[in-house]
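Reader: I'm new to reading structures, and I'd like a close look at just one part of this one. Could you pick a small piece and walk me through how it is put together?

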Amino acid sequence: MNISRRWLEAFLRRPVDAREAASTLGMLGAPVDAIEPLAEHLAPFVVGRVLTVEPHPDADKLRVTTVDDGSGTIWTVVCGAPNVEAGKRYPFARLGTVMPGGLVIERRKLRGQPSEGMLCSARELGLGDDHGGLLTLDTDAAPGTPVVEVLGLDDERLVVDVTPNRPDLLGHKGVARELAAAWKLPMRLPAIPDEVELDVPPPDRFGDEAVVGGIRVAITDRNGCGRFLAATIRGVRVGASPAWLRERLEACGLRSINNVVDVTNYVMLELNQPMHAYDAATLRGPAILVRPARAGETLVTLDGTTRTLPEGALLIADAERAIGVAGVMGGLDTEVTDGTTDLLLECAWFAPSRVRAGKRALNLSTDASHRFERGTDRWGAVDAFRRAIRLLVTVAGGTLEAAVDLHPAPTHPPRIFVRRARVAQVLGVELPMLELERCLTAIGCTVVAKPEDDRLAVDVPGWRPDLLAEIDLIEEIARIHGYENLPTDLRGARPGARDDDPAWGAADRVRTGLAALGLSEVMTLPMVATGGEAAPRLLNPLSAEHGLLRDRLLPSLLRQVEANWAAQVGDVRLYEVGTVFARTTAGGRPAEALHAAFVLTGHTRPPHWRDGGSTPTYDLWDARGTFERLVALAHPTARVEVGEGEWIARGPDGTVIGHCGPLDADAPAWASALFGGELQVALEAAPAATYQAVPTFPAVSRDLALLVATDRPVATIVRLLEERGKRAHLEQVGVVDEFRGAGLPAGRRSVAVRLTFRAPDRTLTDADVDQAVGRLLTQLERECDVTLRTA
Amino acid sequence: MSSDHPSLAALKARLAGIAALDAAALEAEEIAVLGRKQGELTAQLKTLATLPVEEKRTLGAALNVLKGEFEAAFAARRAELAAVAKQAARANLDLSMPARTQWEGTRHPVTLVVEEIVEIFRGLGFTVAQGPEVEDEEYNFGALNFPPDHPAMDMHDTLYLDPEGVERPRGERILLRTHTSPVQVRVMREGPPPIRVVIPGMVYRNDAFDASHAPAFSQIEGLAIDEGITFVDLKATLTHFARRFLGADTRVRFRPSFFPFTEPSAEMDVGCRLCDGNGCAACKGTGWMEILGCGMVHEEVLRLSGIDPERYTGFAFGMGPQRIAMQRYGLPDIRLLYGGDMRFLSQVGGLGR
């Protein structure tokens with residue numbers, strides 16, 4: 001909402017500092033996003049007083065003048081305007097002034113005579129088209145005074161961020177009321193300049209139908225229209241608005257249209273009551289009706305667009321056709337034009353939900369719909385209506401013929417009881433009854449104290465549709481009392497009884513564990529362009545790039561690797577822990593699971609000069625190590641198995657819950673191999689480890705070179721050794737080397753293993769170990785077709 | 001017999017010269033004097049056997065003293081030379097050559113912010129609750145006191161799931177949660193007060209992905225409900241949080257605001273740290289930065305979740321870790337937080353940073 005500082009001053013009848021007002025409004029819940037100085041382009045112009053006027057020696061149409069601009073120097077200025085007169089004051093552009101058109105005023109010679117500045121016309125200041133002569137300033141302000149002050153244009157616009165619950169702040173009166181409450185000042189409606197003496201009594205009340213000035217007015221959609229005031233004014237002269245009215249509207253960012261439309265807009269900006277004026281001569285019937293739209297009805301709105309109205313939309317119609325979308329926009333056919341002489345003025349209360357529905361169906365938001373959908377003051381509408389009529393007659397002439405007030409089901413704003421004890425229960429402080437009364441009275445409530453049961457009876461004002469229950473008033477008390485005036489003492493409280501969500505701890509374990517391996521965490525967008533069959537589709541994504549919910553994390557990590565490659569970064573180690581989604585039943589809520597994924601490519605450590613240019617890069621075995629670490633962190637009950645060209649992780653129930661291996665991506669030629677893996681995260685932590693005695697006796701090792709069939713997985717050999725060696729105190733089986741190639745029997749490779757033996761209770765002898773190794777070799781040969789490599 | 005014995009005098013002269021020998025000469029001299037076979041002193045000792053008893057005793061004693069002196073002198077010179085050599089070797093090393101390092105893993109800046117926030121509230125008796133990211137419209141809006149035709153339920157604000165042909169009226173659609181508040185509803189319905197939880201998680205809006213907006217971002221909310229919880233507790237708890245999070249001298253203020261699910265509602269501002277409250281571009285000249293929204297849980301929200309608002313009261317708050325991370329690290333573009341640029345990630349999120 002754009003608020004004019006000068007308009008506020010007119011309400012409060014005192015000067016207002018815009019910054020102070022902004023700060024006060026902010027602390028009342030209506031932050032001011034910006035303070036915009038208006039008429040800024042006029043800032044450099046000052047009042048110049050012409051001292052002398054002499055004819056130009058070499059030009060008939062030019063005059064040589066001397067000008068006092070208050071600086072102490074008297075300037076010689078050559079001027080071509082016919083109306084320049086000694087002793088009068090005009091806008092003066094000093095040397096160096098940049099004119100609205102961009103021209104810079106410099107010292108120069110005009111037909112041989114030096115000129116040191118410029119006296120200006122209205123057009124030269126950008127104030128209209130009058131270029132017949134200089135703009136004579138009707139003032140006795142001292143030379144050097146800024147012209148904006150003399151012209152009364154020194155306004156500022158406060159851009160107020162109004163929350164949706166406060167429609168009253170969409171009018172200057174509401175904002176002025178807040179400031180008056182905070183500053184403890186009185187407030188009154190501004191006087192209308194040159195107001196005609198016209199007594200406009202409250203119009204006669206009717207049910208849902210009446211005749212005004214020969215025009216039938218009826219509400220046939222009571223659910224949509226709670227009140228409808230109408231007046232006929234005849235003999236108006238449509239034309240330009242007076243300057244004060246134009247300035248008010250323009251200060252708020254509205255364009256002046258004509259005196260009639262400007263009056264309706266003025267009242268809207270002042271009292272938050274949108275209104276509409278029809279050219280009475282165009283109404284067929286003549287009648288004006290509020291009714292639901294019939295199927296297929298169309299209307300050309302004020303903006304010249306033909307709109308098909310949805311059936312049931314709240315309409316204004318005459319006897320034959322739609323003439324307006326209630327609360328949103330009027331029709332072109334019945335609008336006020338230069339030739340209009342008779343007006344029908346409408347001032348109504350429309351149901352917010354119906355206006356919102358109409359706005360949404362037509363995708364058309366206006367100043368009026370913005371206000372109606374937040375709730376206007378259905379009881380205050382009468383005063384707004386009467387003010388608009390007086391204003392209309394003042395600025396456009398004419399006479400008020402008749403006025404009616406259709407109010408089918410009169411109601412009152414609610415009466416609410418506020419218990420002092422409840423205020424204390426919510427706010428945490430005992431406020432005296434008097435302070436409660438002060439706060440509520442300041443916002444316009446009528447308050448009656450009921451000390452016998454320690455409560456207040458509060459009649460809320462009509463402009464506050466958000467005040468419906470006791471708690472709403474408690475908030476108002478806190479707001480006006482001042483949040484800053486409530487204490488800030490930290491007290492003990494009962495701790496929460498819930499355990500942490502296990503997903504939180506699980507995610508934290510994985511994050512910490514993978515970061516410890518040198519990987520960097522990323523957080524990619526959960527919406528993706530492509531995904532598997534299970535990826536849920538969004539109904540209304542902003543772009544197809546984000547049309548699906550991810551069903552895996554790894555594809556998004558791949559995109560990040562490619563982006564690094566594109567930036568010439570080859571060492572990339574990333575991981576992500578996040579939610580993935582999978583469709584379940586058609587149109588039902590998808591399943592969600594916590595996943596963790598990683599990618600690795602490039603050097604295994606930052607290259608060092610001692611490496612001589614051959615720092616290793618990540619290979620399959622680094623990937624397996626990272627994956628096994630991830631499984632240990634994220635799903636300790638799962639086990640890693642060999643799959644088809646990759647490793648898979650199997651949960652305790654046998655389902656595959658993760659995989660890891662080499663990855664294909666759009667890699668530049670210089671990039672190292674890329675590996676990655678993804679795993680479903682189990683929510684349970686691994687059970688705490690149980691202590692096992694630290695060995696006290698020495699170990700004995702034996703290295704064996706085994707000849708193994710090339711297609712036999714070493715894991716089977718290791719497993720057999722581990723199982724059979726237990727009795728002989730085989731503590732560990734390590735694979736230390738693999739060799740393939742010349743010198744070996746066909747179809748065989750050499751695998752070096754190191755067996756480490758250790759007894760918990762004695763030092764093993766060589767004889768013990770040799771005997772155990774011999775037995776194990778016999779079993780390997782028999783069961784795994786493995787022999788000891790000789791020579 | 002005494003030290004002026006001619007053979008002793010010659011040896012004594014050589015003893016004095018040891019301190020000036022270099023490593024090679026030292027070794028040669030040691031062999032020449034003490035060597036088992038040709039050593040001068042060794043030879044002298046061997047000749048003792050041929051001397052008369054009296055002479056043997058005096059000369060023998062003197063030679064043994066001299067032998068000890070030689071041994072000490074050689075050892076001292078050896079140590080001296082070794083020290084010089086070590087020093088020389090060290091002087092040859094260029095200690096300015098770069099170190100061998102390891103990759104440093106990092107955590108996401110938003111994760112770090114969220115964890116810091118969680119830890120502070122953990123100290124105040126809060127535990128962590130989480131919930132689904134895809135929600136029913138009822139949990140996301142209705143149960144939180146949003147009126148049925150609230151504009152937030154429009155397509156241009158909220159992301160809905162494709163109903164795949166299933167008819168779902170307004171209010172019963174399936175959506176990506178627009179805030180973490182539906183988890184509040186789930187927690188309230190799961191058990192009676194006291195409730196004290198913080199709720200971190202991803203939330204979604206139908207926003208373009210540009211420098212200052214993202215269609216998905218983190219949020220962290222808190223909820224405290226019990227008998228006797230008041231607006232003073234809200235102010236005190238969140239003020240304490242701000243001072244733990246940003247420093248004990250942080251200035252804090254509460255401004256009225258509006259949310260459908262709290263009443264009274266407030267925004268909490270903290271003094272702008274860039275300009276020290278004097279006003280700058282970052283704080284739009286106000287000297288204050290908005291950090292979180294909060295309020296007393298709306299009576300209707302309690303009632304809708306089966307909690308008696310006349311008995312129990314509570315407060316809730318919520319904030320955006322992405323915004324906090326952007327302020328903390330001075331990020332010009334929110335999209336940095338969604339990418340995997342190693343050059344960016346290695347600047348932030350490391351241990352001890």
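Author: Sure, and let's begin with one pair of residues. In chain A, Ile416(A) has Val458(A) of strand β26(A) as its bridge partner. Keep in mind that this is a predicted model.

Now zoom out a little. That partner's strand, β26, covers residues 455-459 of chain A, and five bridges join it to β24(A). These two strands run antiparallel. As a bit of background, strands of a sheet pair through backbone hydrogen bonds, and they can do so either parallel or antiparallel.

Zoom out again and you'll find a third strand. The order across the sheet is β24-β26-β25 in chain A, and the sheet is an open one with antiparallel pairing. So who sits at the edges? Those are β24, residues 415-419, and β25, residues 446-450, both of chain A. Each of these edge strands pairs on one side only. If you step from one strand to the next, the twist averages 20 degrees.

There's a helix to add to your picture, too. Helix α11 of chain A, made of residues 433-442, packs on the sheet. This helix touches β24, β25 and β26 of chain A. Compare its direction with that of β25(A) and you get an angle of about 165 degrees.

So, when you go back to the 3D view, try finding Ile416(A) and Val458(A), then follow the strands outward in the order β24-β26-β25 of chain A, and finish on helix α11 of chain A, packed on the sheet.

Technical notes. Residues numbered from 1 in each chain as written. Chains lettered and ligands numbered in written order. Predicted model: local features only at pLDDT ≥ 70, side-chain atom pairs only at ≥ 80, totals over all residues. Pairing = 2+ DSSP bridges. Helix = DSSP H or I, 4+ residues; strand = E, 2+ residues; numbered from the N terminus. Axes fitted to C-alpha atoms, helices over the stretch in contact; angles between N-to-C directions. Contact = placed C-beta atoms within 7 Å.
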